[in-house]
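Here are my notes on the side-chain contacts in this model. Please read them with the structure open.

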Amino acid sequence: MTSNTRSNVRHTVVILLCIMVVFVGAMVSRILRTPDAGVPQVAPDRAELQELGVFIHPVPRLLQPVEVINEQGQPFTTTDFIGRWNLIFLGYTHCPDICPTTLALFKQLRAGWQTGELARIRYVLLSADPERDTPQRLRDYLAFFHPDFVGLTGRVEDVDQLAKQLSSLFAKVPQADGDYLVDHSANIMIINPAGQYVGFIRPPHTVKQIKRAMEMLAAAN
């Protein structure tokens with residue numbers, strides 16, 4: 001092999017090595033820029049969330065299959081939560097205080113986001129009184145707050161199963177007149193666009209508190 005040939009070989013090898021370095025560098029850069037599905041790129045500030053009264057599970061929880069009925073009388077399953085953020089409140093239409101207050105707060109939140117991912121939040125009232133809260137009753141009640149709000153009811157055992165998956169409970173409280181109220185959890189539950197139970201927001205609730213918490217969670221998703 002002549003010196004010129006050896007020189008040409010070395011030159012070719014150097015070029016190939018340079019091409020490989022550029023290719024590998026591009027691949028690494030692409031991987032670093034591409035978010036993994038379901039893995040937050042920026043971890044939310046848990047200390048700030050805690051100050052806001054927000055409890056976030058270390059790992060989002062996948063909901064087990066359960067079917068209830070929405071305010072239109074149509075089946076609604078846990079997979080229907082997929083595709084957008086969901087804020088869920090366990091309450092009922094005969095509730096005298098906290099339920100209408102929370103739904104009024106939901107109305108303010110919805111009006112506050114005009115564009116972007118959070119403008120598509122699904123606001124849900126999960127009935128703690130499925131025996132009285134028919135789809136029609138929920139539809140009429142929610143219309144006072146916003147026609148897009150979703151109501152969920154169904155068989156008591158199905159509603160109970162869904163509520164428990166969301167760390168929530170409800171129970172009848174008989175009254176002297178033969179009627180009853182319902183004791184129920186007052187947290188606002190958060191489900192992410194992957195259909196996973198992320199955590200909950202403790203009362204007392206304010207628009208500013210929930211707005212800040214959801215903006216932090218959406219940025220980290």
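How many salt bridges does the structure hold? The structure holds 9. Keep in mind that this is a predicted model. The points below take some of the charged pairs, then the aromatic rings, then the charges over a ring.

1. **R212 and E48.** These two side chains form a salt bridge, with the closest N and O atoms 2.7 Å apart. The contact ties together distant parts of the chain. R212 belongs to helix 6, residues 207-220. E48 belongs to helix 2, residues 46-51. The two are 164 residues apart. R212 has a relative accessible area of 37%, so R212 is partly exposed. E48 is also partly exposed, at 24% relative accessibility.

2. **E131 and K172.** Here the closest N and O atoms of the salt bridge are 2.9 Å apart. This pair, too, links distant parts of the chain, 41 residues apart. E131 sits in the loop between strand 5 (122-127) and helix 4 (135-143). K172 sits in strand 7, residues 170-174. Is E131 buried or exposed? E131 is exposed, because its relative accessible area is 51% and the cut-off for exposed is over 50%. K172 falls in the partly exposed class, at 46%.

3. **E215 and K211.** Their side chains meet in a salt bridge of 2.7 Å, N to O. Both residues lie in helix 6. They are 4 residues apart, so about one helical turn separates them. E215 is partly exposed, with a relative accessible area of 30%. K211 is partly exposed as well, at 30% relative accessibility. Elsewhere, salt bridges with shared partners join D129, R132 and D179 into one network.

4. **F106 and Y123.** Now the rings. The count comes to 6 aromatic pairs. One of them is F106 with Y123, and this pair is tilted. The centres are 5.2 Å apart, with 50 degrees between the planes. The pair links distant parts of the chain: F106 is in helix 3 (residues 98-112), and Y123 is in strand 5. They are 17 residues apart. Why does F106 count as buried? Its relative accessibility is 0%, and buried means under 20%. Y123 is buried too, at 2%.

5. **F106 and F149.** F106 has a further ring partner in F149. Their centres are 6.4 Å apart. Their planes stand at 90 degrees, so the pair is edge-to-face. F149 lies in the loop between helix 4 and strand 6 (150-153), 43 residues from F106. This is again a link between distant parts of the chain. F149 counts as buried, at 2% relative accessibility.

6. **The cluster.** Which residues form one aromatic cluster with F106? They are Y123 and F149. F106 takes part in both pairs described above, the tilted one with Y123 and the edge-to-face one with F149.

7. **Charges over Y180.** Look at the ring of Y180. The charged end of R132 sits over this ring, 3.8 Å from its centre. K172 lies over the face of Y180 as well, at 4.6 Å from the ring centre. Both residues have appeared already. R132 belongs to the network with D129 and D179. K172 is the salt-bridge partner of E131.

Definitions and conventions:
Residues numbered from 1 in each chain as written. Predicted model: local features only at pLDDT ≥ 70, side-chain atom pairs only at ≥ 80, totals over all residues. Heavy atoms only, no water. Salt bridge = Lys/Arg side-chain N within 4 Å of Asp/Glu carboxyl O. Buried < 20%, exposed > 50% of the residue type's maximum accessible area, 1.4 Å probe, protein only. Phe/Tyr/Trp six-rings, centres within 6.5 Å; stacked < 30°, edge-to-face > 60°. Lys NZ or Arg CZ within 6 Å of the ring centre and 35° of its normal.
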